[in-house]
Structure formats: C-alpha cells, structure tokens
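Visitor: I would like to learn how to read a model of this kind, beginning with what can be trusted and then moving on to the details.
Guide: Let us look at it together, and take one feature at a time.

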Amino acid sequence: MSYPESAPARRPAAVLSAATVLLVMAVAALAYAVVDLVVLGGTVDAFRSAARDTSASSEQIDDVVTLLRASAVLSAVVAALSAPLLAGLALGLLAGRNGVRVATWVVSGLGLLGGCCSVAVVVGERAAPLQLGSGEQALAELLGLIGDAYPSWWIPLNAGLSVAQGLGYLVVATLLALPAASSWFGRHRSTPTAPPHFMPAPHQPPSAPPAPPYPPR
C-alpha cells in the first residue's frame, strides 16, 4: 500500500517580492558603479577648466582633483561590492534559509541608515555650503566648483537613488516580517530529517543452551 507524498510548500508572494527587490537593487548598484566611473572623466575636465579662473594654485587644484577621483572610485567600489551581496541574499531567501533572512534584516538596517546619511549630506551641502577661513579662500572656491562640474542630472540622480535605496531596504525588511514569510521560513527551519535506514541483520539460528558447569553424576 502506497501513501501520497506531501506537496512542498510554495514560496509566499512576500518572499518572492523581497528577493525581486533585492535583485533589482543589485542591478541598479552595478549600473551606478559603471556610470559613476564614466562620468568621472568629464567631471574632472570641467572642474579643471573652471578652476583656472580662481585664485587657487595648480597644487591646490591637483589636490581637489585627487579627492574628487578618490571619492568617485570609492563610491563605485562600494556599489560594485554591494551588488553580489544583494544577489546572494536574494538567492538565499528563495532557498528558504532563515539565517539569510536574519542577515537581510541586518543589511537592510545598515542600508537604510546609509541612504538617510547620503540624503542628509546632499541636502546639507545645498543648504549650508562649507565655510572656510579667509586664508583658505582659494580652497573654498575650488570646493564650490565641484557640484557644478558634475552633469546637471548627476546630483538629483544621486539623491533619488539614495531615497530609493532606503525605501527598498525598508520594503524588503517589512515583507520578510509578514506572517506568511515567517511561517514559510519557520517550516524550512523545523523540517525534520528522515531517519537513516539500516540494513536488517541476517537471520541467525538460536544458539545452543550453555553447558552445565559440572558433568552429571
């Protein structure tokens, strides 16, 4: 007599949606890294052209250019490294790994914090530009040219991506906390493993009764 096997539980829509959001964010991170490096060359050229009309020396201009390049490369590296991380978290969620779910919450919290900080920096630079002393007037002029050296769409794009990043992490964390997702991950965590099968011992004839300790009289 055969018994029907129980059908595997389907992934809830909340888990699929969370994994999809993470994959979209991974692709966006790679695209941002590429665009960041492509825009860098034109930004440096525009900055050097505008810096010639200031009172800054060539050494000061080179220092700011070095800072500009280092900032762009660092942003591109962080974005490129975050892409495989987000993709790995998405695949782990689809596999039903509860540890990956916890790790996704941690990454989402850090990503949300980073997105809020990025937006605050952009807004702060626009609302209250950096003020330097009278002896550093040339450096102040150079720093004021950095924003204008970028394409007109670059800074709004960064601000929009920071907001979208924060919202994406918030959506992912919320979806993974829904009851359907919790139940599905709990089932994967508590699924019992099948007991090992042992080969039956071969049949052995009954052993003979033990001999008496002394011969009968």
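The dialogue below goes through confidence, the fold, the core, two of the helices, a charged pair and a few single residues.

Visitor: Where should a reader begin with confidence, and what average pLDDT does the protein chain have?
Guide: This is a predicted model, and as a general caution, where pLDDT is low, the predicted coordinates should not be read in detail. Here the protein chain averages a pLDDT of 81, with 75% of the residues scoring at least 70.

Visitor: In which helices is confidence lowest and highest?
Guide: The lowest mean belongs to H3, at 80, and the highest to H1, at 94. Over residues 1-8 the pLDDT falls below 50, and this stretch has zero contacts in the model beyond near neighbours in sequence. Residues 191-195 likewise stay under a pLDDT of 50, and for them the model has zero contacts beyond four places in sequence.

Visitor: How many helices and strands does the protein chain have?
Guide: There are six helices and zero strands, so that the pattern read along the sequence, as DSSP runs define it, is α-α-α-α-α-α. Of the contacts in the protein chain with a separation of 6 or more, 84% are between residues 24 or more positions apart. Buried residues make up 28% of the 217 residues in the protein chain.

Visitor: Which residues of the largest nonpolar core touch the most other members?
Guide: That core has 44 residues, and those touching the most other members are Leu22, Phe47, Ile61, Leu86, Leu93, Leu142 and Phe185. At least two core residues come from each of H1, H2, helix H3 (98-127), helix H4 (137-149), helix H5 (154-176) and helix H6 (179-189), while H1 gives the most, with 15 residues.

Visitor: What is Leu142 in contact with, leaving aside its neighbours within four places in sequence?
Guide: Leu142 is in contact with Phe47, Ala51, Thr54, Ala56, Gln60, Ile61 and Val64.

Visitor: How should the buried residues of a helix be read, and which are they in H4?
Guide: The general idea is that an α-helix has 3.6 residues a turn, so residues three or four places apart point the same way. In H4, the buried residues are Ala138, Leu142, Leu145, Ile146 and Ala149. Because they cover an arc of only 120 degrees around the axis, they are on the same side of H4. What covers these buried residues includes H1 and H2.

Visitor: What span should the 13 residues of H4 have?
Guide: At 1.5 Å a residue, H4 should span 18 Å, and its end C-alpha atoms are 19 Å apart, which agrees. For H5, with 23 residues, the reach from the first C-alpha to the last is 33 Å, close to the 33 Å expected at 1.5 Å a residue. The buried residues of H5 include Trp154, Asn158, Gly166, Tyr169 and Leu176.

Visitor: How many salt bridges does a search of the whole structure find?
Guide: In general, side chains of opposite charge can pair when their charged atoms come close. Here the search finds one salt bridge, in which the side chains of Asp62 and Arg48 meet at 3.1 Å, N to O. The pair links distant parts of the chain, with Asp62 in helix H2 (residues 58-94) and Arg48 in helix H1 (residues 13-51), 14 residues apart.

Visitor: Why does Arg48 count as partly exposed?
Guide: Arg48 counts as partly exposed because its relative accessibility is 30%, which lies between the limits of 20% for buried and 50% for exposed. Asp62 is also partly exposed, with a relative accessible area of 35%.

Visitor: Is Val65 buried or exposed?
Guide: Val65, which lies in helix H2, is buried, with a relative accessible area of 2%. Leaving aside neighbours within four places in sequence, Val65 is in contact with Val44, Phe47 and Arg48.

Visitor: Is Val24 buried or exposed?
Guide: Val24, in helix H1, counts as exposed at 52% relative accessibility. Its C-alpha atom is separated by 9.1 Å from that of Leu86, 62 residues apart along the chain.

Visitor: Where does Arg10 lie?
Guide: Arg10 lies in the segment before H1 and is exposed, with a relative accessible area of 76%. Arg10 and Trp184 are 174 residues apart in sequence, yet 8.4 Å apart in space, C-alpha to C-alpha.

Conventions. Residues are numbered from 1 along each chain as its sequence is written. Side-chain values use heavy atoms; hydrogens and water are left out. A salt bridge is a side-chain nitrogen of Lys or Arg within 4 Å of a carboxyl oxygen of Asp or Glu. Helices (H or I, at least four residues) and strands (E, at least two) are DSSP runs, numbered from the N terminus. Buried means under 20% relative accessible area, exposed over 50%, partly exposed in between (1.4 Å probe, protein chains only). A nonpolar core is a set of buried Ala, Val, Leu, Ile, Met, Phe, Trp, Tyr and Cys residues joined through side-chain atoms within 4.5 Å. Contact means heavy atoms within 4.5 Å. The expected span of a helix is 1.5 Å times one less than its number of residues. The arc is that of the directions from the helix axis to the C-beta atoms. pLDDT is the predictor's confidence in each residue, from 0 to 100.
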